Amino acid sequence: MKALRLTALSALVLAIFAVQAGFAQAMDNVAPEEASWCRPDFEIFGSWVYQYDRDKPENDNRVRLNKSWLILNQELSDSTKAVVFLGLEGQNMLVHDFRIHWNPPVPYVDEVVAGRFVPPFGYEYQSVRYDFLPTVYYSGINDSLIARDNGVRVDIGYRRAKLNLGLFAGDQRAGGFVDERKDNKLHAYQRLSLELPYGFTAGASYRYTRTRDDLMGFDANWAHYDIEVTFEAVRFDGENQWYLLFCQVVAPRVQAVVRYENLSYGNRFIPGVKVELDNADIKFNYVLSGEKAGKNIFLGQMIVHFDW
């Protein structure tokens, strides 16, 4: 599999330059405003993570390539685009995301999305891409609940309200619990979010399935100048989990981060810092367990990204 992904990466990088060169040559005699919609947009990023377990210094104390994605964002027409995420490293499948976005000329329908992607549930997975996170990893409540799947989503907007409706079903689900991955029945998702005054947004999510329909979520976000606060809670199997994330810009390109997680398997307190460079982000987190038998782990991450 690694050899296949390395071969795919090499071929795709060469293809990027070939496509870009071919596009530039083909568009020499075309007005920029006529060609802008069909210009290919490529991104690639690699995430390297260093983990140090103070309780077991002999284990896992190394730098490793955690994830690598190649992303194509291609405008197909004035109202349609294709988005492809290739998981070259760190994902179960090579095609991590494949989505067709359509903006139909229908009142209040903002967008229709079909393909393989994350269902509309919660704030962090829905709103923040992995390489844009302020912390090294997603929150623990998201890691195990939402699975990438095949489906369709409709986004409906009216003034400050937005409703996301999704239907998903597939036999190659990625993420979630083992039981989640085995469940290929139809899943229905609903998420209602509201833009409130003074920089607040709030959302409520619900998932219905033929086998289990007890997954509910609530999220709130507040952004004001250099400060951002996010709260997210889920209820599943009769248990409540939540996290609170605080971010503040303390210097140009430097962000202080604190996250507290109340999880089904214990509590975690995660302070850290994120430094933004021109083509890279560097993050440091110290994961402090609230349990006596829990691990305290130092995490460092460097994400290198390029756009074409």
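This report describes a nonpolar surface patch, a pocket and one tryptophan in a predicted model.

## Nonpolar surface patch

Five residues, Leu192, Leu194, Leu196, Tyr198 and Phe200, make a nonpolar patch of about 520 Å² on the surface. One of them, Leu196, lies in the loop that runs between strand S9 (187-195) and strand S10 (200-209). Leu196 has a relative accessibility of 38% and therefore counts as partly exposed, because that class covers values between the limit for buried, under 20%, and the limit for exposed, over 50%.

## Second largest pocket

The second largest pocket has a volume of about 330 Å³. It is lined by 18 residues, of which Tyr265, Arg268, Ile270, Val287 and Ile297 are the closest to its centre. Strand S15 (266-276), strand S16 (280-289) and strand S17 (297-307) are the elements that each give two or more residues to this lining.

Among the contributors to the lining of the second largest pocket, S15 supplies the largest share, with four residues. Sorted by class, the lining of this pocket consists of seven nonpolar, six polar and five charged residues.

## Trp242

Trp242 belongs to strand S13, which spans residues 239-251, and its relative accessibility of 28% is why Trp242 counts as partly exposed. Along the chain, Trp242 and Asn267 are 25 residues apart, while their C-alpha atoms are separated by 9.8 Å in the model.

Technical notes: Residues numbered from 1 in each chain as written. Predicted model: local features only at pLDDT ≥ 70, side-chain atom pairs only at ≥ 80, totals over all residues. Heavy atoms only, no water. Patch = residues over 30% accessible without salt bridge, like charges linked within 9 Å, V, L, I, M, F, W, Y side chains within 5 Å. Areas by Shrake-Rupley, 256 points an atom, 1.4 Å probe, with all protein chains shown as cover. Salt bridge = Lys/Arg side-chain N within 4 Å of Asp/Glu carboxyl O. Buried < 20%, exposed > 50% of the residue type's maximum accessible area, 1.4 Å probe, protein only. 1 Å grid on protein atoms, 1.4 Å probe; cavity = no way out; pocket = protein on both sides within 12 Å on 5 of 7 lines; lining within 4 Å. Points joined across faces, edges and corners; volume = space filled by probe spheres on them. Nonpolar A, V, L, I, M, F, W, Y, C, P; charged D, E, K, R; others polar.
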